[in-house]
Amino acid sequence: MEANVLKAKGLERLVCPVCHQQLGLADGGIRCMGCGRVYPSVDGIPVLIASRATGI
Ligand SMILES: [Zn+2]
């Protein structure tokens, strides 16, 4: 269900603010396909801020 919400918000059109690669769903957030950073998702809204990312 969460995946559908994120798709409706246009996740596939968002890119990583660091490397500008496409993003995908990950456990508890949004994972960058390029650099592997995981961005948090707060109330279903991706927080695409480099300093908030984890997984590097
Ligand atoms: Zn990236």
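This short presentation describes a zinc site, a nonpolar core and two loop residues in a predicted model.

Good morning. The model is predicted, so local features need pLDDT of at least 70 and side-chain atom pairs count only at pLDDT 80 or more, whereas totals for chains, interfaces and linings use all residues. Residues are numbered from 1 along each chain as its sequence is written, and side-chain values use heavy atoms, with hydrogens and water left out.

Let us begin with the metal. Which residues hold the protein donors of the zinc ion? They are Cys16, Cys19, Cys32 and Cys35, each through its SG atom, lying 2.3 Å from the ion. Donors here are N, O and S atoms within 2.8 Å of the metal (3.2 Å for Na, K and Ca); water is not among the atoms, so sites may look incomplete. Along the chain, the donors follow the spacing C-x2-C-x12-C-x2-C. Why is the arrangement called tetrahedral? The four donor atoms subtend angles of 95 to 118 degrees around the zinc ion, which makes it so; the term requires four donors with all angles between 85 and 135 degrees. For comparison, the ideal angle for four tetrahedral donors is 109.5 degrees.

Next, consider accessibility. Buried means under 20% relative accessible area, exposed over 50%, and partly exposed in between, with a 1.4 Å probe and protein chains only. Cysteine 16 is buried at 0%, while cysteine 19 is partly exposed at 25%.

Cysteine 16 also belongs to the largest nonpolar core, which has six residues: Cys16, Leu23, Ile30, Cys32, Tyr39 and Ala53. Such a core is a set of buried Ala, Val, Leu, Ile, Met, Phe, Trp, Tyr and Cys residues joined through side-chain atoms within 4.5 Å. Leaving aside residues up to four places away in sequence, cysteine 16 touches Gln21, Leu23, Cys32, Cys35 and Tyr39, where contact means heavy atoms within 4.5 Å.

Leucine 23, another member of that core, is buried at 5% relative accessibility and lies in strand S1, residues 23-26. Strands (E, at least two residues) and helices (H or I, at least four) are DSSP runs, numbered from the N terminus.

Finally, we turn to the backbone. Most residues other than glycine have a negative phi. Histidine 20, however, has a positive phi of about 65 degrees; this residue is in the loop between helix H1 (2-8) and S1, and is exposed at 55%. Aspartate 43 has a positive phi near 55 degrees. That residue is in the loop between strand S3 (38-42) and strand S4 (45-46), and is exposed at 75%.

Thank you.

How values were computed. Four donors count as tetrahedral if all angles lie between 85 and 135 degrees; four count as square planar and six as octahedral if opposite donors are over 155 degrees apart and all others between 65 and 115; anything else is irregular.
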